[in-house]
Amino acid sequence: MKIAVAPTVLVLEFFLLHIVPKPKVVMSVGVVCFGIFYATATDSQIAGNVAGILVGVSATLSTAIYQIWVGSKQKDLKASSTQLLNAYTPMAMVLLGVLVPIFEPIGWGSHRPGTLLGFKYTTSAILAILVSAALGLLVSLSTFLVIGSTSSLTYNVVGHLKTVIILSGGCVLFGDVMPLQKFIGVSIAMGGIAWYTQIKVSHTTSGKPGIIAATESISQRKGSPREDGGPDSSLLPVFNIRAKEGGVEREGRRNEEEEDGEDGEESK
């Protein structure tokens with residue numbers, strides 16, 4: 001169901017924030033999701049598990065709303081990633097403190113194996129817990145950084161890229177088998193990710209050439225006087241404004257001198 005988060009973000013942003021995505025963006029995200037689904041879908045009995053579908057739909061909706069909330073709050077409050085993490089962590093601790101005793105076997109009565117209190121905390125286990133906590137903190141911080149700098153949709157595309165790296169890395173590093181279905185799905189997903197990246201990069205740089213050209217034109221005008229020796233007409237409004245400011249300043253000084261002279265005559 002994680003594949004459905006990106007389309008859900010598009011739908012919720014349209015209805016909640018009135019953000020209309022470009023057709024190319026929608027198509028590129030669709031290609032990415034289809035590639036990931038084709039590479040990872042192996043359970044043919046998923047449609048018959050009603051309880052699992054309900055849990056997956058609720059998790060998809062909550063994840064999409066959470067990611068949209070992170071991006072909107074960062075922009076509305078102008079908060080940094082660390083500030084948002086600092087505000088989010090106490091609420092997460094309280095929420096987990098309430099839910100863990102309900103859904104996890106604590107072992108209050110008997111510290112039997114398989115419970116939290118019955119677990120033998122060795123040095124390696126404590127080290128693994130600390131490393132896992134540090135990595136979880138970095139994951140939360142990176143989530144806020146990526147969403148704050150880009151968008152929740154881009155964050156989901158980056159997450160699918162992580163899935164592609166995991167599938168490919170398992171074959172390269174650990175000798176996992178790469179079936180034809182998985183290879184085709186990974187290739188389709190990578191094509192969609194490249195397409196989405198190209199759309200975002202072209203959209204980001206679309207306004208820069210005009211600004212650069214205007215700046216170079218102004219620099220050339222400043223450096224090249226007219227043939228008759230007069231000032232460039234494009235710069236005359238600036239000179240006129242400065243002349244007016246200078247005239248106002250000189251007039252103000254003249255009035256102050258006249259007032260000082262009248263005060264001096266009255267004192268005599």
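The following conversation goes through a predicted model of a protein chain, from its helices to its pockets and surface.

Q: To start, how many helices and strands does the protein chain have?
A: The protein chain has 9 helices and 0 strands. Read along the sequence, its pattern is α-α-α-α-α-α-α-α-α.

Q: And what percentage of the residues is buried?
A: Buried residues account for 23% of the 268 residues in the protein chain.

Q: Let us turn to pockets. How much space lies in the largest pocket?
A: The largest pocket holds about 510 Å³ of space.

Q: Which residues lie nearest its centre?
A: Lys 2, Val 139, Thr 143, Tyr 155 and Lys 162 lie nearest the centre of the largest pocket, and they belong to a lining of 20 residues.

Q: Which helices supply at least two residues of that lining?
A: Helix 3 (50-77), helix 5 (123-149) and helix 6 (152-174) each do so for the largest pocket. The largest share comes from helix 3, with 6 residues.

Q: How does that lining divide by class?
A: The lining of the largest pocket has 9 nonpolar, 9 polar and 2 charged residues.

Q: What is the volume of the second largest pocket?
A: The second largest pocket has a volume of about 410 Å³. Its lining consists of 21 residues, and the closest to its centre are Glu 13, Ile 19, Ser 151, Leu 153 and Lys 200.

Q: Which elements give two or more residues there?
A: For the second largest pocket, those elements are helix 1 (5-16), helix 3, helix 6 and helix 7 (180-204). Helix 3 gives the most to this lining, with 5 residues.

Q: And the classes of residue in this second lining: how many of each?
A: The lining of the second largest pocket contains 10 nonpolar, 7 polar and 4 charged residues.

Q: Now the surface. Which residues make the nonpolar surface patch?
A: The patch is made by Val 11, Phe 14, Phe 15, Leu 16, Leu 17, Ile 19 and Val 20, and it covers about 680 Å².

Q: Where is Val 11 placed?
A: Val 11 is in helix 1.

Q: Why does Val 11 count as partly exposed?
A: Val 11 counts as partly exposed because its relative accessible area is 44%, and that class runs between the limits of 20% for buried and 50% for exposed.

Q: A change of topic: what is notable about phi of His 18?
A: Phi of His 18 is near 60 degrees, a positive value in a residue other than glycine. Most residues other than glycine have a negative phi.

Q: Where does His 18 lie, and is it buried or exposed?
A: His 18 lies in the loop between helix 1 and helix 2 (23-40). His 18 is exposed, with a relative accessible area of 65%.

Q: What about phi of Lys 78?
A: Lys 78, although not a glycine, has a positive phi of about 55 degrees. Lys 78 is placed in the loop between helix 3 and helix 4 (81-103), and it is exposed, with a relative accessible area of 74%.

Q: One last residue: where is Val 146 found?
A: Val 146 is found in helix 5. Val 146 is partly exposed, with a relative accessible area of 27%.

Q: What separation is there between the C-alpha atoms of Val 146 and Asn 156?
A: The C-alpha atoms of Val 146 and Asn 156 are separated by 9.9 Å, and the two residues are 10 residues apart along the chain.

Terms used. Residues are numbered from 1 along each chain as its sequence is written. This is a predicted model: local features need pLDDT of at least 70, side-chain atom pairs count only at pLDDT 80 or more; totals for chains, interfaces and linings use all residues. Side-chain values use heavy atoms; hydrogens and water are left out. On a 1 Å grid over the protein atoms alone, a cavity is a set of points where a 1.4 Å probe fits but cannot get out, and a pocket is an open set with protein on both sides within 12 Å along at least five of seven lines; lining residues have an atom within 4 Å of a point. Grid points are joined across faces, edges and corners, and a volume is the space filled by probe spheres set on the points. Helices (H or I, at least four residues) and strands (E, at least two) are DSSP runs, numbered from the N terminus. Ala, Val, Leu, Ile, Met, Phe, Trp, Tyr, Cys and Pro count as nonpolar, Asp, Glu, Lys and Arg as charged, and the others, Gly among them, as polar. Patches are made of residues with over 30% relative accessible area and no salt bridge: like charges are joined within 9 Å, nonpolar side chains (Val, Leu, Ile, Met, Phe, Trp, Tyr) within 5 Å. Accessible areas come from the Shrake-Rupley method with a 1.4 Å probe; for residues, only the protein chains shown count as cover. A salt bridge is a side-chain nitrogen of Lys or Arg within 4 Å of a carboxyl oxygen of Asp or Glu. Buried means under 20% relative accessible area, exposed over 50%, partly exposed in between (1.4 Å probe, protein chains only).
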